[in-house]
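Student: I am new to this structure and would like to look closely at one part of it before turning to what surrounds that part. Could you take me through it slowly?

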Amino acid sequence: MEGLVIMTNKLFFTFEGPEGAGKTTVLKMVVSKLQEEGKEVIATREPGGSVIAEEIRQVILNPAHTEMDAKTEALLYAAARSQHFVEKIEPALKQGKLVLCDRFIDSSLAYQGIGRGLGIEGVKSINEFAIGQRMPDMTILFDLDPKIGLARINAHKNREINRLDVESLAFHQKVREAYLKLAEEFPERIYVIDASQSLEEVFQNVWKVLKNAV
């Protein structure tokens, strides 16, 4: 993982985890809490976050695109990330704003690098070309048994169902293992939260981690 470096200013926070872990909901709760405290914060997501990146999202996550090649998928994620970072994240960071992003490069390393079997180094290289040597200041990893996450998705009828949601349980298990390996490799950046707890408990645990960093 040499070559990717953590940004020095404490502004860029990412939320990562498997499908159904609740990270999107908790991110919204954290944003509200930060705003109550007078912080200037921007919430965004990947793939997406800007007009062009959102268009790419529709291609990547369309459940009908089951024939998509793994390398195509990885390249599309990197393309969306490049546009999103240049257009939205980087300008906000330069203005001194807090940025909370629902998924970032760790998703590609876990889902495409390990889940799709492309390898961490190959996916890392694609993303280095896309965004340079940029990593979040802090990453919150919502750890959850894939069986629980997929059950949550099936029970949540209003949630967007995307192409990754319908992957096999074995695929999601590999993704979880990949995330945990990344957390072991970067303990100074990645904080693991038990996402099997109640929503309020998860939020409180995330807030304990974040409040002293912002």
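Student: Is Arg81 buried or exposed, and what is its relative accessible area?

Tutor: Please keep in mind throughout that this is a predicted model. Arg81 has a relative accessible area of 1%, and because buried means under 20% relative accessible area, Arg81 counts as buried. This arginine belongs to helix α3, which spans residues 70–94 and gives the largest nonpolar core its largest share, namely 7 residues. That core has 56 residues, and the members that touch the most others are Phe15, Val30, Leu100, Phe142 and Val206.

Let us now see what lies around the arginine. If its neighbours within four places in sequence are set aside, Arg81 is in contact with Glu46, Phe104, Ile105, Ser108, Asn127 and Ile131. Another residue to find in the view is Arg134, which is 53 residues away from Arg81 along the chain, while the C-alpha atoms of the two are separated by 11 Å.

Some of these contacts lead to a pair of helices. Ile105 and Ser108, both in contact with Arg81, are among the residues of helix α4 that meet helix α5, and Asn127, also in contact with Arg81, is one of the α5 residues on the other side of that meeting. Helix α4 covers residues 105–115 and helix α5 covers residues 120–131, and the two pack with their axes 8 Å apart at an angle of about 140 degrees. The two helices are therefore oblique to each other, and α4 passes α5 in a right-handed crossing. Also taking part in this packing are Leu109, Gln112, Gly113 and Ile114 from α4, together with Ile120, Val123 and Lys124 from α5.

From the helices we can turn to strand β3, which consists of residues 98–102, with 5 of its 5 residues buried. In a regular strand the side chains alternate between the two faces of the sheet. Here both faces are covered, since Leu98, Leu100 and Asp102 are buried on one side, and Val99 and Cys101 are buried on the other. Strand β3 pairs in the parallel sense with strand β1, residues 12–16, over 4 bridges, and Phe13 stands opposite Leu100 in this pairing. Strand β2, residues 41–45, also runs parallel to β3 and is joined to it by 5 bridges, with Val41 standing opposite Leu98.

Methods
Residues numbered from 1 in each chain as written. Predicted model: local features only at pLDDT ≥ 70, side-chain atom pairs only at ≥ 80, totals over all residues. Heavy atoms only, no water. Core = buried A, V, L, I, M, F, W, Y, C linked by side-chain atoms within 4.5 Å. Buried < 20%, exposed > 50% of the residue type's maximum accessible area, 1.4 Å probe, protein only. Pairing = 2+ DSSP bridges. Axes fitted to C-alpha atoms, helices over the stretch in contact; angles between N-to-C directions. Parallel < 35°, antiparallel > 145°, perpendicular 65-115°, else oblique. Left-handed = near helix turned anticlockwise from the far one by under 90°. Contact = heavy atoms within 4.5 Å.
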